[in-house]
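Please open the structure in your viewer and keep the selection tool at hand, as the tour moves from one selection to the next.

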Amino acid sequence: MQANPYITEDLQALADAARRFAQQRVAPGFLERDRSRELDRALLREMGSLGLILPELPEAFGGLGLGCLAAGVIHEEIARADLSFSYLNLLASLNGQILARYGEPGVVQPWLERLLAGEAICAIALTEPRGGSDAARLGLRVERDGDTYVINGEKTSISAADQADICVVFGRTGTPESGAHGVTALLVPMDAPGITTSRFDCHGQRAIGRGSIFFENVRVPVSHRLGDENRGFVQVMQGFDFSRSLIGLQCLAVARAALDETWSYITERQAFGQPLAAFQGVTHPLAAYDTEVEGARLLCLQGLWLKDRGLPHSAEAGMAKWWGPKLAYDVIHQCLLSHGHGGYDRGPMEQRLRDVLGFQIGDGTAQIMKTIIARTRAGRRFVPV
Ligand SMILES: Cc1cc2nc3c(=O)[nH]c(=O)nc-3n(C[C@H](O)[C@H](O)[C@H](O)COP(=O)(O)OP(=O)(O)OC[C@H]3O[C@@H](n4cnc5c(N)ncnc54)[C@H](O)[C@@H]3O)c2cc1C
């Protein structure tokens with residue numbers, strides 16, 4: 001029997017395979033990667049060799065063409081073991097579809113193959129020191145010089161900034177007043193002369209990390225443009241609806257892992273001569289959160305189901321993106337408290353809490369997501385910002 005209407009038997013089999021890999025290979029290094037702040041490239045290649053990266057990429061590009069729900073179920077299983085490691089799936093899915101849809105085949109195909117194989121990491125650089133929410137006002141300078149673009153300026157708070165091999169970079173080719181209509185997206189190899197990076201000391205998601213990327217007269221051929229000149233923001237940003245549903249699932253999977261462990265823990269831990277599970281003060285908060293996690297997960301799957309059918313899903317994606325990370329944080333917080341002092345020690349619960357918190361900011365805050373939802377409901381005319 002299907003667990004829910006979105007998860008077919010084939011998808012469940014894929015999820016089971018992903019779970020075996022995640023539990024046997026990814027979970028054991030969860031705590032250590034947080035300490036060392038290093039991604040395991042060999043493990044990434046192993047994940048690629050099993051077909052667990054970018055499963056939705058159409059066959060014409062060398063992918064399996066399994067659809068976005070397939071990406072979602074894999075994403076859940078990897079995140080359940082280690083949210084920071086599953087960031088690699090997220091980056092591959094978000095950037096893979098951008099490259100496939102908007103890139104020049106001769107330029108992007110070799111990179112798509114490397115992403116699929118787990119041999120490359122692609123970052124995405126939108127945020128700048130002056131701010132991230134009002135992204136359409138970005139100012140990184142991109143000037144055309146014959147058949148190359150010259151990039152100058154700084155991107156900041158970029159996930160995997162110092163670990164990525166390539167990066168999708170948004171810069172201004174129009175006038176400073178051109179807003180969303182003067183932005184161009186470029187595929188930039190991170191070993192291009194003139195690029196330097198820094199690494200922040202992050203609260204969570206420490207294996208993937210964040211940092212700044214500095215561009216000093218960095219040149220990329222015009223063939224590296226993604227989409228049309230000055231249309232990068234409008235065209236390429238559409239991919240974010242996909243990643244927002246994935247982020248919801250990613251955080252909820254971590255919450256699910258925390259809940260499962262906590263349900264088990266409270267049947268064993270004793271207080272006042274009984275297991276903790278005998279006290280409604282302990283079980284009712286968990287029961288309420290379990291209900292919400294199930295509901296929020298269905299919303300995320302709905303977003304991916306709509307995308308697979310080419311139907312509008314911006315509102316669902318916005319809902320998944322603000323609710324999933326917020327709910328996951330609250331759930332894990334409760335689970336940590338249910339573990340008493342042990343939950344507060346360095347270990348899985350506190351790391352999960354740190355990891356999911358990042359997604360209340362990264363990829364757009366709750367306020368920005370609610371603005372997107374309001375825009376789809378009331379209309380852009382009434383919700384201009
Ligand atoms: C873990 C993590 C990973 C990230 N990864 C990347 C990445 O890979 N690539 C990338 O480009 N960026 C990345 N970012 C940056 C992220 O996208 C930005 O931090 C985010 O968009 C918010 O921008 P800001 O931090 O400049 O906040 P600001 O834009 O300065 O906003 C500050 C606060 O004001 C609120 N606010 C702003 N405008 C409004 C409004 N109109 N109405 C109501 N409230 C408003 C915001 O919600 C926020 O709470 C990442 C951030 C984090 C934390």
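Begin by selecting Arg80, Arg256, Asp260, Asp290 and Glu294, which are linked in a network of salt bridges, a salt bridge being a side-chain nitrogen of Lys or Arg within 4 Å of a carboxyl oxygen of Asp or Glu. This is a predicted model, in which local features need pLDDT of at least 70 and side-chain atom pairs count only at pLDDT 80 or more, while totals for chains, interfaces and linings use all residues. Residues are numbered from 1 along each chain as its sequence is written, and side-chain values use heavy atoms, with hydrogens and water left out.

Within that network, zoom in on Arg256 and Asp260, whose closest N and O atoms are 3.2 Å apart in their salt bridge. Both sit in helix 8 (residues 240-268), and because they are 4 residues apart there, about one helical turn separates them. Arg256 counts as buried at 16% relative accessibility, whereas Asp260, at 31%, counts as partly exposed; buried means under 20% relative accessible area, exposed over 50%, and partly exposed in between (1.4 Å probe, protein chains only).

Next, select Glu261 and Arg352, which form a salt bridge with the closest N and O atoms 2.8 Å apart. This pair links distant parts of the chain, since Glu261 belongs to helix 8 and Arg352 to helix 12 (residues 348-357), 91 residues apart. Here Arg352 is buried, with a relative accessible area of 6%, while Glu261 is partly exposed at 36%. The structure holds 22 salt bridges.

Now turn to the ligand and select the residues around it, where a residue is near if one of its heavy atoms lies within 4 Å. Which residues come nearest? Of the 19 residues around the ligand, these are Leu126, Thr127, Gly132, Ser133 and Thr365. The shell divides into 6 nonpolar, 11 polar and 2 charged residues, and its largest share, 3 residues, comes from strand 3.

Looking at single atoms, you will find a backbone N or O atom of Ile124 at 2.8 Å from a nitrogen atom of the ligand, and one of Leu126 at 2.8 Å from an oxygen atom of the ligand. The protein covers 65% of the 980 Å² of accessible area that the ligand has on its own.

Finally, colour domain 2 (123-235) and domain 3 (236-382): both give residues to the shell around the ligand, so the ligand lies between them.

Methods. Polar contact = N/O pair within 3.5 Å; in protein donor to acceptor, adjacent residues only side chain to side chain. Areas by Shrake-Rupley, 256 points an atom, 1.4 Å probe, with all protein chains shown as cover. Helix = DSSP H or I, 4+ residues; strand = E, 2+ residues; numbered from the N terminus. Nonpolar A, V, L, I, M, F, W, Y, C, P; charged D, E, K, R; others polar. Domains from an automatic or database assignment.
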